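Me: I'm new to reading structures, and I'd like a close look at the aromatic rings and what surrounds them. Could you walk me through that part slowly?

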Amino acid sequence: MIARLAVVSLLVCAACRAPSPLSKEPAFDFESRSNPTEAAFSTEATLLSRWNDPRADSLRDFWNAGEAGAFKGVDGIELAWRIHRAPNAKAGVVLLPGRTESIIKFAEVCSDLVAQGYSTYALTLRGQGEAGRMLPDRDKGYVAWFDDYVEDTHAFISTVVRPEQPRVFLLAHSMGGAVAVLVNDEHPGDVDALALSAPMLDINLGAFPPPVAASLASGICDSTDGSGFAIGGGPYKEEQDFAKNSVTSSEARWTWKVQQLRDDEQIRAGGLTWRWLCQALVGSSRAQQSGRFSSTPTVLFQAADDTFVNRPGQERYCVDAPRCTFSRIENAKHELLQERDEVRSRVLSRVVRFFDSQVTP
Amino acid sequence: MMVLMASSAFAAEPDFRLHVGGQVGFPYVLGVSSTGTFFKEGRPRFDVDATWEPSVQLQSYSLGGAYHVLDRAFFVGGRLRIVQYLPPWARGASDAFLGLGLEAGVRIRVGPGEKGVIHVTLHGTFVPGQATNLSTLVGLSAGFSWSVFER
């Protein structure tokens, strides 16, 4: 162990920091708590009718009843947030979406968490969803520096969430997971516990071998401003065929997402740019390697059938992080929080049990 | 007489030359270097160099060594790099990694007294401390340098 740390320190000088002094703790036992059960969460059967129901207790009305606001992030980019407060909340849960995602997509998750006694604080990430863009072409997935996501989130937590919540948890998906890990790394004390859904700690580069993809992306980012669409990227195109989607096996939740994007063109986002790819490669790699510095209780959910992120990066983070519990979800695609009920309810019940254990050990 | 002429020409060849120059390439877009070439019987045998490759994102500071196979222009070599994946002015941490490289290419001597050197190099760098996606970088560079010192 000491020899390994010495070698790692020699090869990487990440500000020459000392790793967490904690030794690896036993994994959190989800079965140590009986509540909530998987039956406590929203179902596909009622999702679309709840969203479109004109009655006052519909999911859409729940979403609209939340407090909406915005603040200026790094370089003055406007970032939207929405808060749903639970009466006598156990804690505040910050929600960070994945790339291209809007926060309205998490309305169902917010509703479930509020029902479990948690106030939710959903934040859009720059360049997508309800947030401002850095390029005139709104479709382009672009970020100047990956760290901008981190500083935006830190500003949101410290100015909006912390003042009203003594306990702050973070539930983050995919790219939001990489951002969450880096927030925890760069601003210790911002969050008291992390729940990561298929975090983007190792991007799946598809048909391109990593040395080719990394060298190509770096070369293009070094010789251009990186604002062009990367290979395979392009303007937003509505998904037409559920069978061709690779993020969820829930047709109801996929249909709901498509409907949201059809209803509001402002939240649409297209393909990624070279700059985003370069920044995301570095950001996700940094996030993957930051586990050994973390002392924060963490649970990491891995989707067994994920084709967007590579699994070894998630495993490395959780092995290195002394207080990380690893939970692999079988027969699940990338979007665990938008998956079919069997998967989503299992993940959410585990998230809530884990958060509850942080409130009342 | 022939032997004397050859010997005289031979004595004029330097044992060592120091070149400074620049290069362009991929993924390291620009670079400046200082290269020392050791000659044997008038032909280059070994090179050592210090190279700085700054760019918009990737940064590399490296020391290289090369052997000219059969004392010809073709060479194979190794390189020790300090690689930063973000520049010093980037927002956020810019960690430095140790990289180990292999390279092959040609260094062709040109110009008056063969004081100029044109090089084309294919290189690969393994960065063992980095995550998988960024742990191997491959590239190509081409440049020109000029002798500023010899003995």
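Reply: Let's start with a term: a charge sits over a ring if NZ of Lys or CZ of Arg is within 6 Å of the ring centre and within 35 degrees of the ring normal. In this predicted model, A:Arg275 fits that description, lying over the face of A:Trp145 at 4.5 Å from the ring centre. Another case is A:Arg99, which is placed over the face of A:Trp276, with 5.3 Å to the ring centre.

Now for rings that meet other rings. Such a pair is described by the distance of the centres and the angle of the planes. Across all chains, a search of the whole structure turns up 17 aromatic pairs. One of them joins A:Phe354 and A:Phe355: their centres are 6.0 Å apart and their planes make an angle of 40 degrees, so the pair counts as tilted, a class that falls between stacked (under 30 degrees) and edge-to-face (over 60).

Where do A:Phe354 and A:Phe355 sit, buried or exposed? Both A:Phe354 and A:Phe355 are buried. They also belong to a wider group: one aromatic cluster is formed by A:Phe28, A:Phe30, A:Tyr118, A:Phe169, A:Phe301, A:Phe354 and A:Phe355.

One more aromatic residue is worth finding, this time in chain B. B:Phe26 is joined to B:Pro27 by a cis peptide bond, with omega about 5 degrees. You can locate B:Pro27 in the loop between strand 1 (16–26) and strand 2 (30–40) of chain B.

Definitions and conventions. Residues numbered from 1 in each chain as written. Chains lettered and ligands numbered in written order. Predicted model: local features only at pLDDT ≥ 70, side-chain atom pairs only at ≥ 80, totals over all residues. Heavy atoms only, no water. Phe/Tyr/Trp six-rings, centres within 6.5 Å; stacked < 30°, edge-to-face > 60°. Buried < 20%, exposed > 50% of the residue type's maximum accessible area, 1.4 Å probe, protein only. Helix = DSSP H or I, 4+ residues; strand = E, 2+ residues; numbered from the N terminus.
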